Amino acid sequence: MGRLIQILRTDSEVIEIYSPKYDREEDSEFEKFLKINGARKEPQLKKFFDAIVSAVDKIREVGAKENLFRPEGRRIKALPLFISPNSKIDR
């Protein structure tokens, strides 16, 4: 079993990001993802990893627009399945 832990909360407290953390595990799944993938040397994987970290940093800085998220319940929102890097999104 496990639980969700908060891994990010913006200063405005409008955006919160959670990650699963399983019992008897030291790190959350997000922390494990950062540790495992942050050290990869393959150029394509590094590019994808850097894009994910950049998106999380951007959310931390400026928040997120609700229209870019799928509704998954009343207050719960989920990231879109895919946004093309070439799409013009007002961020």
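The paragraphs below lead through this predicted model, from its overall make-up to a few of its residues.

In outline, the secondary structure of the protein comes to two helices and four strands, and read along the sequence these elements follow the pattern β-β-α-α-β-β. Of the 91 residues in the protein, 13% are buried. Among the contacts in the protein with a separation of 6 or more, 14% are between residues that stand 24 or more positions apart.

The two helices of this pattern make a good place to begin. Helix α1 covers residues 29-38 and helix α2 covers residues 43-62. The helices α1 and α2 pack at an angle of about 145°, and their axes are 10 Å apart, while the crossing that they form is left-handed. On the side of α1 the residues that take part are Phe33, Leu34, Asn37 and Gly38, and these meet Phe49, Ile52 and Val53 in α2. Sorted by character, the residues of this contact divide into five nonpolar and two polar, with no charged residue.

Within this contact two of the residues deserve a separate look, since the structure holds one aromatic pair. The pair is formed by phenylalanine 33 and phenylalanine 49, whose rings lie 5.7 Å apart from centre to centre, with an angle of 40° between the planes, and this makes the pair tilted. Because phenylalanine 33 lies in helix α1 and phenylalanine 49 in helix α2, the pair ties together parts that are 16 residues apart in sequence. The two partners can also be described by their accessibility: phenylalanine 33 is partly exposed, with a relative accessible area of 26%, whereas phenylalanine 49 has 11% relative accessibility and therefore counts as buried, the cut-off for buried being under 20%.

From the helices the reader can turn back to the loop between β2, which spans residues 16-22, and α1, where aspartate 27 is found. Aspartate 27 is buried, with a relative accessible area of 15%, and its side chain is joined to that of lysine 35 by a polar contact of 2.5 Å. Leaving aside residues up to four places away in sequence, aspartate 27 touches Lys21, Lys32 and Lys35.

Serine 28 lies in the loop between β2 and α1. The relative accessible area of serine 28 is 0%, so this residue is buried. With residues up to four places away in sequence again set aside, serine 28 touches Ile5, Ile7, Ser19, Pro20 and Lys21. Arginine 24 is likewise found in the loop between β2 and α1, but arginine 24 is exposed, with a relative accessible area of 85%. The backbone of arginine 24 also calls for a remark, as its phi is near 70°, a positive value in a residue other than glycine.

A last stop is the loop between α2 and β3, the strand of residues 70-71, for this is where alanine 64 lies. With 32% relative accessibility, alanine 64 counts as partly exposed. Along the chain alanine 64 and isoleucine 15 are 49 residues apart, and in the model their C-alpha atoms are separated by 7.3 Å.

Note on methods:
Residues numbered from 1 in each chain as written. Predicted model: local features only at pLDDT ≥ 70, side-chain atom pairs only at ≥ 80, totals over all residues. Heavy atoms only, no water. Phe/Tyr/Trp six-rings, centres within 6.5 Å; stacked < 30°, edge-to-face > 60°. Buried < 20%, exposed > 50% of the residue type's maximum accessible area, 1.4 Å probe, protein only. Axes fitted to C-alpha atoms, helices over the stretch in contact; angles between N-to-C directions. Left-handed = near helix turned anticlockwise from the far one by under 90°. Contact = heavy atoms within 4.5 Å. Nonpolar A, V, L, I, M, F, W, Y, C, P; charged D, E, K, R; others polar. Polar contact = N/O pair within 3.5 Å; in protein donor to acceptor, adjacent residues only side chain to side chain.
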